[in-house]
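Visitor: I'd like a close look at one part of this model, please, with the terms spelled out as we go.

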Amino acid sequence: VSTQGKSAKEAVDQLLYNHSYALESVSITAIPIYYLELNTRVNIHDERAGISGDYVVTKMTLPLTYNGTMSMTATKAVDHII
């Protein structure tokens with residue numbers, strides 16, 4: 001990566017951009033999932049909303065209170081990498 005003049009973060013950002021659907025994303029509010037991290041691939045399925053598939057977590061807020069809720073934004077992941 002360094003021989004190309006890119007940082008590791010720039011390389012990861014480029015890979016995420018190339019292998020995700022930037023226009024298809026979901027936002028979720030739920031009880032906190034403290035072990036969840038950014039850039040983690042998660043499977044989301046909600047029949048009522050018509051959402052089903054793998055998503056990459058792109059943004060997340062976690063509460064510091066005992067009774068708070070977290071919010072998360074995830075972008076649809078590409079099914080097959082060519």
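Visitor: How many salt bridges does the structure hold?

Guide: Quick housekeeping before we dive in. This is a predicted model, where local features need pLDDT of at least 70 and side-chain atom pairs count only at pLDDT 80 or more, while totals for chains, interfaces and linings use all residues. Residues are numbered from 1 along each chain as its sequence is written, and side-chain values use heavy atoms, with hydrogens and water left out.

So, your question: the structure holds one salt bridge, meaning a side-chain nitrogen of Lys or Arg within 4 Å of a carboxyl oxygen of Asp or Glu. The partners are Arg41 and Asp54, with 3.3 Å from N to O. They sit 13 residues apart and link distant parts of the chain, Arg41 being in strand β2 and Asp54 in strand β3 (residues 51-61). Strands here are DSSP runs of E with at least two residues, numbered from the N terminus. Arg41 is partly exposed because its relative accessibility is 44%, and Asp54 is partly exposed too, at 25%. On this scale, buried means under 20% relative accessible area, exposed over 50%, and partly exposed in between, using a 1.4 Å probe on protein chains only.

Now meet a charged residue without such a partner. Lys76, in strand β4 (residues 70-77), is buried yet has no salt bridge. Its nearest side chain of opposite charge, Glu24, is 4.3 Å away; for charge, Lys and Arg count as positive, Asp and Glu as negative, and His and the chain ends are not counted. What Lys76 does have is the backbone oxygen of Ser52, 3.1 Å from a polar atom of the Lys76 side chain.

Back to Arg41, and a little way along the chain. The loop between β1 (20-30) and β2 (41-46) holds Asn39, whose phi is near 65°, a positive value in a residue other than glycine. For background, most residues other than glycine have a negative phi. Asn39 counts as partly exposed because its relative accessibility is 46%.

Pro32 is found in that loop between β1 and β2 as well. Pro32 is partly exposed, since its relative accessible area is 22%. Here's a fun one: Pro32 and Met70 are 38 residues apart in sequence, yet their C-alpha atoms are 5.0 Å apart in space.

Notes: Helices (H or I, at least four residues) and strands (E, at least two) are DSSP runs, numbered from the N terminus. A polar contact is a pair of N or O atoms within 3.5 Å; within protein, one must be able to donate a hydrogen and the other to accept it, and residues adjacent in sequence count only if both atoms are side-chain atoms.
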